[in-house]
Amino acid sequence: MDPFQTLTTSQRHGVIIHHWDTDGLCSAAVLFNYLAERFPEKKLTTFVPTITNYYLTAQQLQQLSDAQYQFAITCDINFPEQTVNGLARVWPDQTYIFDHHHQTPYRQVHYFNQPHPACASFITATLGLANNLLAAIAMVGDREESIQQDTQYYPWVAEMMQQYNISFAQLLTLRRLIDSNYMVDDYSGMHDTIQLLRHDPLALLTDVKLENNLQQIGGEIDRLLEQAPQALSNQVLFLDLHTSLNILSHVTRNISRQYPDKIIFTRQLKADQYTCYIRRRQLQYDMRQLIQFARDLGLNAGGKEEVVGIIIPREQLNEIFPKLQAKVASIQV
Ligand SMILES: [Mn+2]
């Protein structure tokens, strides 16, 4: 099956909307290279949603619509129905979605989604491409060390390590370097990294700018971890983080390691909205209950059993945050 059989020469300018992490950038680079070779006349632009938002705002949809792209491709983001409907309204026959997060299919768009270690490896398989370094970097990006236990797909990674003479540790380093763009909130850096991934991925290993990002991130995480969390109950610790970097999930994970028998609740003001993380390690509490609670309050929320992320628009903070805080503080395991 050819995912792009409905793409014609009259559709000259398209946008690739991608996740901000390593797999998202690698997925965009695989698609970019494929389309550039198959349709050399087409012009492609890349676009990232606001970092931490797994959806497009009404303004962003309008902005994309105003830019007069004739087709849109999304990769590695599990968009909610509202965003998918918005894309399908702007590009009724020319919205292509590639993802590897299991969910029920959307019928109003060209929809390609199957379980795979990474979206870039799924795209590689779906387009009938040969195994490639970008797929390997993306699989290490999403799965880290655990990909080594994957008997079906680790051979793909091992083959690339041999072909390019690189170690698994270097693949992990590439992941940290590529992810550093979103952590320092550098949108044009993500764009530049996609272009490097397309042409010379291993050049990223000696990229001075990305190395500087890692220094900056390390210093900021250390600074934030010096702050003592506040007890909301005997099981829940809260921390309000003041930083311009997108490192809330990493800091929350670090604090959770320090207090494995507590629920860690963190908050950060960023881009006119509050991001909240709630994470646990040893306590047996299914965090997905909080996703439903937040959605019932009208908030965007997502996550899994051990961690959830919730977005609160700034104007709703005074009304909504106390309700969320009371709910988390009341958790008894
Ligand atoms: Mn992914």
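This report describes the manganese site around Asp-76 and the interface between the two domains of a predicted model.

## Basis

Residues are numbered from 1 along each chain as its sequence is written. The model is predicted, with local features needing pLDDT of at least 70, side-chain atom pairs counting only at pLDDT 80 or more, and totals for chains, interfaces and linings using all residues, while side-chain values use heavy atoms and leave out hydrogens and water.

## Asp-76 and its surroundings

Asp-76 lies in the loop between β3 (71–75) and α3 (81–90); helices (H or I, at least four residues) and strands (E, at least two) are DSSP runs, numbered from the N terminus. The residue is buried, at 2% relative accessible area. Buried means under 20%, exposed over 50%, and partly exposed in between (1.4 Å probe, protein chains only).

Beyond its neighbours within four places in sequence, Asp-76 has contacts (heavy atoms within 4.5 Å) that include His-19, Asp-21, Ser-27, Phe-98, His-101 and Cys-119. Its side chain also makes a polar contact with the side chain of His-100, at 3.0 Å. A polar contact is a pair of N or O atoms within 3.5 Å; within protein, one must be able to donate a hydrogen and the other to accept it, and residues adjacent in sequence count only if both atoms are side-chain atoms.

## Manganese site

Asp-23 (OD), Asp-76 (OD), His-100 (NE2) and Asp-142 (OD) coordinate the manganese ion at 2.2 to 2.4 Å. Donors are N, O and S atoms within 2.8 Å of the metal (3.2 Å for Na, K and Ca); water is not among the atoms, so sites may look incomplete. The sequence spacing of the donor residues is D-x52-D-x23-H-x41-D. Asp-23 in helix α1 (residues 22–38) and Asp-142 in helix α5 (residues 133–143) link distant parts of the chain, 119 residues apart. Asp-23 is buried at 0% relative accessibility, whereas Asp-142 is partly exposed at 28%.

## Domain interface

The chain is divided into domain 1 (13–213) and domain 2 (227–329), with bounds from an automatic or database domain assignment. Their centres, taken over C-alpha atoms, are 27 Å apart. Domain 1 contributes 9 residues to the contact and domain 2 contributes 11 residues.

About 830 Å² is buried between the domains, 51% of it from carbon and sulfur atoms; this is the accessible area (1.4 Å probe) that two parts lose on being put together, summed over both. In domain 1, Thr-52, Tyr-55 and Met-183 lose the most area to domain 2, together 55% of what that side buries. Between the domains there are 5 residue pairs in polar contact (both at pLDDT 80 or more) and 1 salt bridge, meaning a side-chain nitrogen of Lys or Arg within 4 Å of a carboxyl oxygen of Asp or Glu. Asp-185 and Lys-270 form a salt bridge, with their closest N and O atoms 3.0 Å apart.
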